[in-house]
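This report describes how a sheet, its neighbouring helices and one loop residue are arranged. Please keep the sequence and the structure at hand while reading.

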Amino acid sequence: DADIWGFSVPRMLGLEGRLEGSTDDGKIVPNVTAMGDGVLEVVSMGFLVDKEESALMWRGLMLNRAVQHFLEDVRWGDLDYLLIDMPPGTGDVQMGLARMLPRTEILIVTTPSRSAQKVAVRAADMARKSYLRIAGVIENMSAFVCPHCGDVTEIFGHGGGERFAEQHGIDFLGMFAGRRDDRPF
């Protein structure tokens, strides 16, 4: 969870607790949760702050060092993938990660709204200028599914992610609507 200021991954995954250090090698031990047939190892500032409401007022070098610690100083197991949730935009964290992981692929997540797509287009432009491959676009919050009756409401519109991908020559990978319950993915 490289969204250092807006850490939300622990809440979205229903995870609580603190990160701990290993006594063997001094590395951070990620929190682990079952996911499908495997496990998901998670590191987030949300596991380090005293309260979820705590404001972190870090900039520049502090942000990049935190992300660097999450990459280098965590006892990651055998990884199939390393997914990094980034803050929106093209700030210090994004530029720092582009330097730290020069062969990474970017997955752009946007909502159907035009304002979110304007942020996404800047992220795509930054990725291209940093010579990073854009793996594709996913449209999030494409609809709300009523937990009582199952009706689908497109609160933020529909198809904006697909239009964005088409306009910018990026593969469209699909849409994600809200679930009918509060379980994480």
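## The sheet

In this predicted model, 3 strands are arranged as an open sheet in the order β5-β6-β9, with parallel pairing. The edges are taken by β5 (105-110) and β9 (172-176), each of which has a single partner strand, so one side of each is left without a neighbour in the sheet. From one strand to the next, the twist averages 25°.

Strand β6, which covers residues 133-140, pairs with β9 in the parallel sense over 4 bridges. Where the pairing involves isoleucine 138, the bridge partner in β9 is glycine 174.

## Helices on the sheet

Helix α4 (residues 114-129) packs on the sheet and touches β5 and β6, its direction making about 170° with that of β5. Helix α5 (residues 160-167) also packs on the sheet; the strands that α5 touches are β5, β6 and β9, and its direction makes about 155° with that of β6.

## The two faces of α5

Which residues of α5 are buried? They are Gly160, Gly161, Phe164 and Ala165, and, seen down the axis of α5, the buried residues fall within an arc of 135°, so they line one face of the helix. An α-helix has 3.6 residues a turn, so residues three or four places apart point the same way. The buried residues of α5 pack against β5, α4, β6 and β9, whereas Glu166 and Gln167, on the other side of α5, are exposed. The helix is followed by glycine 169, whose phi is positive, near 65°.

## Contact between α4 and α5

The two helices α4 and α5 pack at an angle of about 35°, their axes lying 11 Å apart, and their crossing is right-handed. On the α4 side the contact is made by Gln117, Ala120, Val121 and Ala124, which meet Gly160, Gly161 and Phe164 in α5. Sorted by class, this contact of α4 with α5 has 4 nonpolar, 3 polar and no charged residues.

## A loop residue, serine 142

Serine 142 is found in the loop between β6 and β7 (144-145). Is this serine 142 buried or exposed? Its relative accessible area is 5%, and because buried means under 20%, serine 142 counts as buried.

Not counting residues up to four places away in sequence, serine 142 touches Pro112, Glu154, Gly157, Met175, Phe176 and Ala177. Of these contacts, Met175 and Phe176 fall within the range of β9 (172-176).

Note on methods
Residues numbered from 1 in each chain as written. Predicted model: local features only at pLDDT ≥ 70, side-chain atom pairs only at ≥ 80, totals over all residues. Heavy atoms only, no water. Pairing = 2+ DSSP bridges. Axes fitted to C-alpha atoms, helices over the stretch in contact; angles between N-to-C directions. Contact = heavy atoms within 4.5 Å. Buried < 20%, exposed > 50% of the residue type's maximum accessible area, 1.4 Å probe, protein only. Arc of directions from axis to C-beta. Left-handed = near helix turned anticlockwise from the far one by under 90°. Nonpolar A, V, L, I, M, F, W, Y, C, P; charged D, E, K, R; others polar.
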